[in-house]
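Q: I would like to learn how to read this model feature by feature. Where should we begin?

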Amino acid sequence: MHETAPLRLRSADRHINDRDREFFRCSRLLAEWQGRLVIPEPVLGEVCSFLRNNVRNGPTLEVQFLEAVESHSHGGDFEIVSPVPVDRARATELSKRLVSGPLGYVDGIVLAMAERLKIPDIATVDYKFLGMASPVSRLRPLCWVLQETSA
């Protein structure tokens with residue numbers, strides 16, 4: 001299951017910072033992951049918004065990102081999955097419970113969908129998300145793949 005930051009860092013490519021440790025970790029994860037990556041649909045919107053509003057040549061990068069998503073999602077390396085009503089209800093419950101965090105909607109959806117689909121591996125570089133989600137997750141064990149593969 002993918003949270004926004006790994007895709008955002010990878011899709012912004014070297015336009016962000018070619019010395020960024022997180023960029024290389026995310027690139028390595030996307031290149032070496034065994035199996036299919038599941039990306040919640042709301043994550044795509046968050047990536048596109050970030051690219052368009054925060055990166056030089058952002059609109060061009062956004063289009064390149066969407067083209068890459070389209071070309072790889074048909075029998076490729078990943079699957080885009082839309083949330084269902086139970087995911088939105090769980091994300092609302094998590095956001096309410098962790099309002100002081102705050103846990104945002106997309107983070108809540110990522111965790112809710114991971115729980116429903118029984119996908120314990122979540123790729124994120126958002127350490128705030130790690131700290132908030134672990135104690136409230138219904139998944140045991142909940143694995144943070146970028147945290148565990150960093151050296």
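Q: Which residues have the most contacts inside the largest nonpolar core, and how many residues does this core have?

A: This is a predicted model, and the answer applies to it as such. The largest nonpolar core has 24 residues, and V43, L51, F65 and L111 have the most contacts inside it. At least two residues of this core come from each of β1 (37–40), α3 (41–54), α4, α6 and α7 (127–136). Helix α3 supplies the largest share, five residues. Another core, of six residues, lies apart from it and includes V38, V81, I109 and I119.

Q: How many helices and strands does the protein chain have, and what pattern does it follow along the sequence?

A: The protein chain has eight helices and four strands. In sequence order the pattern is α-α-β-α-α-β-α-α-β-α-β-α. Of the 151 residues, 46% are buried. Among contacts with a separation of 6 or more, 61% join residues 24 or more positions apart. The accessible surface is about 8,000 Å², and carbon and sulfur atoms account for 53% of that area.

Q: Which residues of α4 are buried, and why do they line one face of the helix?

A: The general idea is helix periodicity. An α-helix has 3.6 residues a turn, so residues three or four places apart point the same way. In α4, the buried residues are G58, L61, E62, F65 and V69. Viewed down the axis of α4, these buried residues fall within an arc of 105°, so they line one face. On the face turned away from the buried side are the exposed residues E67 and S71. F65 also belongs to the group with the most contacts inside the largest nonpolar core.

Q: What span does α4 reach from its first C-alpha to its last, and what span is expected?

A: Helix α4 covers residues 58–72, which is 15 residues. Its first and last C-alpha atoms are 21 Å apart, close to the 21 Å expected at 1.5 Å a residue.

Q: Which residue does E62 meet in a salt bridge, and where do the two partners lie?

A: For a salt bridge, look at the N to O distance, then at the place and burial of each partner. The count for this model comes to four salt bridges. One of them joins the side chains of E62 and R52, at 2.5 Å from N to O. The pair links distant parts of the chain, with E62 in helix α4 and R52 in helix α3, ten residues apart. E62 is buried, because its relative accessible area of 11% is under the 20% cut-off. R52, at 43%, counts as partly exposed.

Q: Which residues are joined with R90 into one network of salt bridges?

A: Take the pairs in turn. R90 and E93 form a salt bridge whose closest N and O atoms are 2.7 Å apart. Both residues lie in helix α5 (residues 85–97), three residues apart, about one turn of the helix. R90 also forms a salt bridge with E115, again with the closest N and O atoms 2.7 Å apart. R90 is in helix α5 and E115 in helix α6, so this pair ties together parts 25 residues apart in sequence. Salt bridges with shared partners thus join R90, E93 and E115 into one network.

Q: Are the members of this network buried or exposed?

A: Both R90 and E115 are buried. The relative accessibility of R90 is 5%, and that of E115 is 9%. E93 is partly exposed, at 35%.

Q: Apart from its sequence neighbours within four places, what is E115 in contact with?

A: E115 is found in helix α6 (residues 105–117). Beyond those neighbours, E115 is in contact with R90, V136, S137, R138 and L139.

Q: Where do N57 and K118, with their positive phi, lie?

A: Most residues other than glycine have a negative phi. N57 has a positive phi near 60° and is placed in the loop between α3 and α4. At 46% relative accessibility, N57 counts as partly exposed. K118 is not a glycine either, and its phi is positive, about 55°. K118 is in the loop between α6 and β3 (121–122) and is exposed, with a relative accessible area of 66%.

Terms used: Residues numbered from 1 in each chain as written. Predicted model: local features only at pLDDT ≥ 70, side-chain atom pairs only at ≥ 80, totals over all residues. Heavy atoms only, no water. Expected span 1.5 Å × (residues − 1). Buried < 20%, exposed > 50% of the residue type's maximum accessible area, 1.4 Å probe, protein only. Arc of directions from axis to C-beta. Contact = heavy atoms within 4.5 Å. Areas by Shrake-Rupley, 256 points an atom, 1.4 Å probe, with all protein chains shown as cover. Core = buried A, V, L, I, M, F, W, Y, C linked by side-chain atoms within 4.5 Å.
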